[in-house]
Amino acid sequence: MEPRFLLLSDVAAELNVSDSQVYHMVRSGELPAIKIGGRGQWRVERARLEEYIARKYDETADWVQHNPLVDRDPE
């Protein structure tokens with residue numbers, strides 16, 4: 001059974017980005033997370049990570065639609 005909450009390092013590994021990039025996404029509010037424990041350790045709920053990934057797919061599809069690939073060197 002997969003854990004419900006992930007460490008920021010786990011999220012970084014899943015997204016193939018650095019820990020500091022995930023920390024920035026959390027601190028900016030781009031990726032929802034919670035702080036727990038006396039030292040305020042960050043945790044990301046797996047469901048929120050999946051929602052984030054789905055949202056990024058939608059944003060990317062929208063960007064691609066509005067920024068078509070143009071053949072700059074037609075034959």
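Residue I34 lies in strand β2, which spans residues 34–36. The structure under discussion is a predicted model, and I34 offers a convenient point of entry to it. With a relative accessibility of 37%, I34 counts as partly exposed, because that category covers values between the 20% limit for buried residues and the 50% limit for exposed ones. Together with F5 and I36, I34 makes a nonpolar surface patch of about 230 Å².

From the patch, the path leads to the sheet. Strands of a sheet pair through backbone hydrogen bonds, in either a parallel or an antiparallel manner. Here, three strands form an open sheet in the order β1-β3-β2, and the pairing is antiparallel. The edge strands are β1 and β2, each of which pairs on one side only. Between β1 and β3, which run antiparallel, there are two bridges. F5, already met as a member of the nonpolar patch, has E45 in β3 as its bridge partner.

The helical part of the model may be approached through α1, which comprises residues 8–15 and in which L8, V11 and A12 are buried. Viewed down the axis of α1, the buried residues fall within an arc of 100°, and they therefore line one face of the helix. The cover over these buried residues includes β1 (5–6), α2 (19–27), β3 (41–45) and α3 (46–66). Strands β1 and β3, paired with each other by two bridges, thus both appear among the elements that cover the buried residues of α1.

What backbone feature is found just after α1, at N16? There, N16 takes a positive phi of about 60°, although this residue is not a glycine. N16 belongs to the loop between α1 and α2. Its relative accessible area is 72%, so N16 is classed as exposed, in contrast to L8, V11 and A12 of α1, which are buried.

The final stop is helix α3, in which R48 lies. R48 has a relative accessibility of 37% and therefore counts as partly exposed. Which residues does R48 contact, once its neighbours within four places in sequence are left aside? The contacts of R48 are then with L31 and P32. A further spatial relation links R48 with R4: the two residues are separated by 44 residues in sequence, while their C-alpha atoms are 9.9 Å apart in space.

How values were computed
Residues are numbered from 1 along each chain as its sequence is written. This is a predicted model: local features need pLDDT of at least 70, side-chain atom pairs count only at pLDDT 80 or more; totals for chains, interfaces and linings use all residues. Side-chain values use heavy atoms; hydrogens and water are left out. Buried means under 20% relative accessible area, exposed over 50%, partly exposed in between (1.4 Å probe, protein chains only). Helices (H or I, at least four residues) and strands (E, at least two) are DSSP runs, numbered from the N terminus. The arc is that of the directions from the helix axis to the C-beta atoms. Contact means heavy atoms within 4.5 Å. Patches are made of residues with over 30% relative accessible area and no salt bridge: like charges are joined within 9 Å, nonpolar side chains (Val, Leu, Ile, Met, Phe, Trp, Tyr) within 5 Å. Accessible areas come from the Shrake-Rupley method with a 1.4 Å probe; for residues, only the protein chains shown count as cover. A salt bridge is a side-chain nitrogen of Lys or Arg within 4 Å of a carboxyl oxygen of Asp or Glu. Two strands pair if DSSP finds at least two bridges between them.
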